[in-house]
Amino acid sequence: MSALTRRRRAARTLAVLLSLACGLALAELAAGALAGFAWPFLNVFVADADQGVRLAPGASTRTVSRGGRVTPVRINAQGFRGDDWAPAPSAAPVAGRVLLLGDSQVFGYGVDEADALAAALTRALPPGAEVLNAAVPTWGPPEYLRALAELAPVYRPETVVFTANVANDWTEVHVPNARRTTARDGFAAYQLHGAEAVTEFPGRAWLFGRSHLFLAVRRLLAATTAERPPEPAAAARRLLADLPRLSRPDGPHRSRLTAPLLAARELCRPLGCRVVLLALPLDLQIHPGEWAKYHGAPFDLAPTEVLLDHLLSDARRADVPALDLRPVLRAASPGAFLPDDYHLSPAGHAAVASALAPLIASLASTTLAAESPR
């Protein structure tokens with residue numbers, strides 16, 4: 001074979017490869033455009049040995065709901081949603097600074113950053129207040145405590161909001177997230193015993209976690225799989241079935257979430273911050289219209305009310321300020337939760353913020369009165 005022939009073949013091969021690359025790039029752009037450059041699940045998770053998962057600092061993405069609602073998400077340098085945080089300038093609590101602890105509800109999953117609790121609460125509080133959103137989807141009470149111990153000495157909040165989410169915190173309080181969840185290709189994934197090891201190769205994270213074309217192909221191949229109903233319908237049934245265990249006293253406490261709540265108060269005590277309990281119910285406990293987005297007939301969840309009742313009772317006995325969100329969200333319903341999801345809607349976040357802000361402000365006033373010279 002002559003040198004000229006070899007060069008021609010090489011040129012043709014290169015042209016084919018370039019055409020293929022351009023075609024794939026165009027197909028990727030087309031698939032992304034059709035999806036609104038959004039993902040069905042949050043894809044900015046990284047594995048963490050202590051917390052199970054964290055959010056990748058500086059990452060950004062867009063999620064899309066079942067109903068097609070696209071939500072931008074940006075993660076700050078500290079690994080949480082929103083703007084970057086400034087460390088406290090001194091060892092004293094920063095006046096007006098609030099630290100939110102929670103999971104995907106407090107994170108604001110499915111709503112714009114400006115409509116989530118952190119922003120809504122900032123608007124509801126007096127001027128100068130600053131709300132740090134330290135909530136991460138999949139976290140539970142053990143992770144809230146670990147985050148508080150890590151963040152409070154650096155950012156010195158004046159108030160810490162400990163959110164108890166009845167949807168999953170009662171089942172997760174004794175099961176650390178590191179045993180439940182890990183990150184795979186940017187997505188949160190269940191820790192399954194006996195699961196096959198993931199085959200790693202160069203470019204896998206982008207292919208599985210960032211390629212809209214690859215996602216479209218996977219969905220096409222799985223087109224025969226029936227769409228599952230939103231998870232909380234099944235979660236509510238499990239909660240009801242497991243209620244005898246979940247509602248048992250925990251040592252001296254009526255609620256199994258009281259111990260982590262009091263542990264948060266003890267962590268705050270030497271740092272000068274105060275803890276407020278936010279008691280968050282299921283959407284299905286709030287308004288009968290919420291059943292419309294789930295498959296299957298409604299069932300009675302009234303017995304599960306005891307979970308929040310016991311925790312609030314313990315909080316009162318321990319003199320921990322608490323806000324029961326059941327009447328707050330019932331007053332904001334219908335519409336306090338997303339129409340295609342169990343997370344709070346912008347109206348729900350606004351209602352929570354409007355009820356929480358006066359409680360936080362009253363605590364600040366009480367503290368100032370107690371500290372003022374007589």
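**Salt bridges, a hairpin and a surface patch**

Let me begin with one residue, Asp 185, which is buried, with a relative accessible area of 18%. Please keep in mind throughout that the model before you is predicted.

What does Asp 185 form with Arg 204? The two residues make a salt bridge, in which the closest N and O atoms are 3.0 Å apart. This pair links distant parts of the chain: Asp 185 lies in the loop between β8 (181-184) and β9 (187-190), while Arg 204 belongs to helix α7 (residues 204-210), 19 residues apart. Arg 204 is buried as well, because its relative accessible area is 9% and the limit for that class is under 20%. In general terms, side chains of opposite charge can pair when their charged atoms come close.

The structure as a whole holds 19 salt bridges, and I shall present a few more of them.

Lys 293 and Asp 283 form one, with their closest N and O atoms 3.2 Å apart. Both residues sit in the loop between β10 (274-280) and α12 (305-317), ten residues apart, and this pair too is described as linking distant parts of the chain. Are these residues buried or exposed? Lys 293 is buried, at a relative accessible area of 14%, and Asp 283 also counts as buried, at 2%.

Asp 242 and Arg 245 offer another example, with the closest N and O atoms 2.4 Å apart. Here Asp 242 is partly exposed, with a relative accessible area of 23%, and Arg 245 is likewise partly exposed, at 33%.

Salt bridges can also join into a network. Which residues are linked in this way? They are Glu 305, Asp 309, Asp 324, Arg 326 and Arg 330.

I turn now to the strands. Strand β1 (residues 45-48) and strand β2 (residues 52-55) run antiparallel and are joined by four bridges. Within this pairing, Val 46 has Arg 54 of β2 as its bridge partner. The connection from β1 to β2 is a hairpin of three residues. As a general point, side chains in a regular strand alternate between the two faces of the sheet.

Finally, the surface. Leu 26, Leu 29 and Phe 37 make a nonpolar surface patch of about 320 Å². Of these, Leu 26 is found in helix α1 (residues 3-34). Leu 26 counts as exposed because its relative accessible area is 57%, and the exposed class begins over 50%.

Note on methods
Residues numbered from 1 in each chain as written. Predicted model: local features only at pLDDT ≥ 70, side-chain atom pairs only at ≥ 80, totals over all residues. Heavy atoms only, no water. Patch = residues over 30% accessible without salt bridge, like charges linked within 9 Å, V, L, I, M, F, W, Y side chains within 5 Å. Areas by Shrake-Rupley, 256 points an atom, 1.4 Å probe, with all protein chains shown as cover. Salt bridge = Lys/Arg side-chain N within 4 Å of Asp/Glu carboxyl O. Helix = DSSP H or I, 4+ residues; strand = E, 2+ residues; numbered from the N terminus. Buried < 20%, exposed > 50% of the residue type's maximum accessible area, 1.4 Å probe, protein only. Pairing = 2+ DSSP bridges.
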